[in-house]
Amino acid sequence: MSSKGPRIVVVTAPSGAGKSSVAARLLAAFPSMRFSVSATTRPPRPGERDGREYHFLDEATFRRRVADDAFVECEEVYPGRWYGTLVEEVERSSTDAPVLLDVDVRGATSVKRVFGADAFVVFISPPSYGILESRLRLRGTETPADLETRLERVRYELTYRDRFDAVVVNDDLDRAAGETIALVRSFLSGSTT
Ligand code: ADP
Ligand code: 5GP
């Protein structure tokens with residue numbers, strides 16, 4: 001790790017709650033912040049590029065990297081679909097260049113356990129289950145079967161709501177992003193956690 005210590009910001013939430021949308025606003029608001037590109041075994045969506053949204057790995061390669069201790073944490077978020085935070089993506093983090101992670105609720109729990117007060121975890125909450133479901137359907141990025149798998153997991157993910165450093169309800173994106181930016185600014189200036 002950097003001698004100045006890592007500064008890690010994590011957005012976590014059920015799929016469809018708005019993590020990616022809030023993450024994009026954070027990166028725009030904090031020019032020195034870097035996005036930690038996770039590895040995954042899920043196939044790329046149209047428009048996603050290897051090394052930008054994710055490092056897309058086949059399962060054998062992913063397992064080899066697990067055996068090599070390449071991950072800070074990894075989870076089988078959906079059956080047969082692995083996701084993991086790479087050590088090399090996080091270890092460059094410093095006070096001047098914080099790193100942003102977008103991980104599921106179990107991954108966020110692991111990151112908090114490993115990094116403690118150096119990590120600030122924000123749970124992005126949908127206004128309701130029904131609104132989340134309709135946003136996920138409207139996004140249209142999953143096959144019907146994958147969409148059902150994600151929706152089945154949402155209720156479990158929502159049970160993690162109050163286990164992190166802050167909860168931001170994503171009712172209106174501008175408002176929710178503004179609230180998250182204010183929380184992160186305060187964490188980075190050393191006045192939270
Ligand atoms: P996640 O990364 O958590 O899966 P996304 O950021 O992809 O979620 O958001 C899911 C969908 O909902 C996207 O189509 C996004 O444009 C939309 N969305 C996000 N926030 C809002 C909001 N506050 N109001 C309406 N739609 C939203
Ligand atoms: P998606 O397939 O929609 O990009 O992501 C599905 C879920 O996997 C989301 O909850 C996302 O936050 C999570 N995810 C992405 N990268 C990682 C990671 O490195 N580790 C863990 N644990 N979850 C991740």
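This report walks through the sheet, the hairpin, the main pocket and the two ligands of a predicted model.

**The sheet**

Let's start with the strands. Five of them make an open sheet, and reading across it you meet β2, β7, β1, β8 and β9, in that order, with parallel pairing. The two edges are β2 (34-35) and β9 (166-169), each of which pairs on one side only. If you want to look at the β9 edge, go to strand β8, residues 119-125, which runs parallel to β9 and is joined to it over four bridges. One pair to pick out there is Ile 124 and its bridge partner in β9, Val 168. As background, the strands of a sheet pair through backbone hydrogen bonds, in either a parallel or an antiparallel way.

**The hairpin**

β5 and β6 go the other way about it: they pair in the antiparallel sense, over six bridges. Glu 76 has Trp 82, in β6, as its bridge partner. Two residues sit between the strands of this hairpin, and Gly 80 takes a positive phi there, near 75°.

**Around helix α2**

Helix α2 covers residues 59-67, and at its start a side-chain oxygen of Asp 58 comes to within 3.3 Å of the backbone nitrogen of Ala 60. Just after α2 there is another positive phi to look at, about 60°, at Asp 69.

**The largest pocket**

Now for the open space. The largest pocket has a volume of about 860 Å³. Its lining takes in 39 residues, and nearest the centre are Lys 19, Ser 20, Arg 45, Tyr 54 and Asp 102. Which elements give two or more residues to that lining? They are α1 (19-29), β5 (71-78), β6 (81-86), α5 (129-139) and α6 (144-158). So much for the list; the largest share, six residues, comes from α1. By character, the lining splits into 15 charged, 13 nonpolar and eleven polar residues.

**The two ligands**

Ligand 1 has 14 residues around it, the closest being Gly 16, Lys 19, Ser 20, Ser 21 and Arg 139. Ligand 2 is surrounded by 17 residues, and here the closest are Ser 38, Arg 42, Tyr 54, Tyr 83 and Asp 102.

Here are some of the polar contacts, with the protein atom and the ligand atom for each.

| Residue and atom | Ligand atom | Distance |
|---|---|---|
| Gly 16, backbone N or O | ligand 1, oxygen | 2.8 Å |
| Lys 19, backbone N or O | ligand 1, oxygen | 2.8 Å |
| Arg 139, side-chain N or O | ligand 1, oxygen | 2.7 Å |
| Ser 38, side-chain N or O | ligand 2, oxygen | 2.6 Å |
| Arg 45, polar side-chain atom | ligand 2, oxygen | 2.8 Å |
| Asp 104, polar side-chain atom | ligand 2, nitrogen | 2.7 Å |

For ligand 1, then, Gly 16 and Lys 19 reach an oxygen with backbone atoms, while Arg 139 uses its side chain. For ligand 2, the side chains of Ser 38 and Arg 45 each meet an oxygen, and the side chain of Asp 104 meets a nitrogen.

How much of ligand 2 does the protein bury? Taken alone, ligand 2 exposes 510 Å², and 96% of that is buried by the protein. Ligand 1 has 560 Å² of accessible area on its own, of which the protein covers 73%.

Notes
Residues are numbered from 1 along each chain as its sequence is written. Chains are lettered from A and ligands numbered from 1 in the order in which they are written. This is a predicted model: local features need pLDDT of at least 70, side-chain atom pairs count only at pLDDT 80 or more; totals for chains, interfaces and linings use all residues. Side-chain values use heavy atoms; hydrogens and water are left out. On a 1 Å grid over the protein atoms alone, a cavity is a set of points where a 1.4 Å probe fits but cannot get out, and a pocket is an open set with protein on both sides within 12 Å along at least five of seven lines; lining residues have an atom within 4 Å of a point. Grid points are joined across faces, edges and corners, and a volume is the space filled by probe spheres set on the points. Ala, Val, Leu, Ile, Met, Phe, Trp, Tyr, Cys and Pro count as nonpolar, Asp, Glu, Lys and Arg as charged, and the others, Gly among them, as polar. Two strands pair if DSSP finds at least two bridges between them. A residue is near a molecule or strand if one of its heavy atoms lies within 4 Å of it. A polar contact is a pair of N or O atoms within 3.5 Å; within protein, one must be able to donate a hydrogen and the other to accept it, and residues adjacent in sequence count only if both atoms are side-chain atoms. Accessible areas come from the Shrake-Rupley method with a 1.4 Å probe; for residues, only the protein chains shown count as cover.
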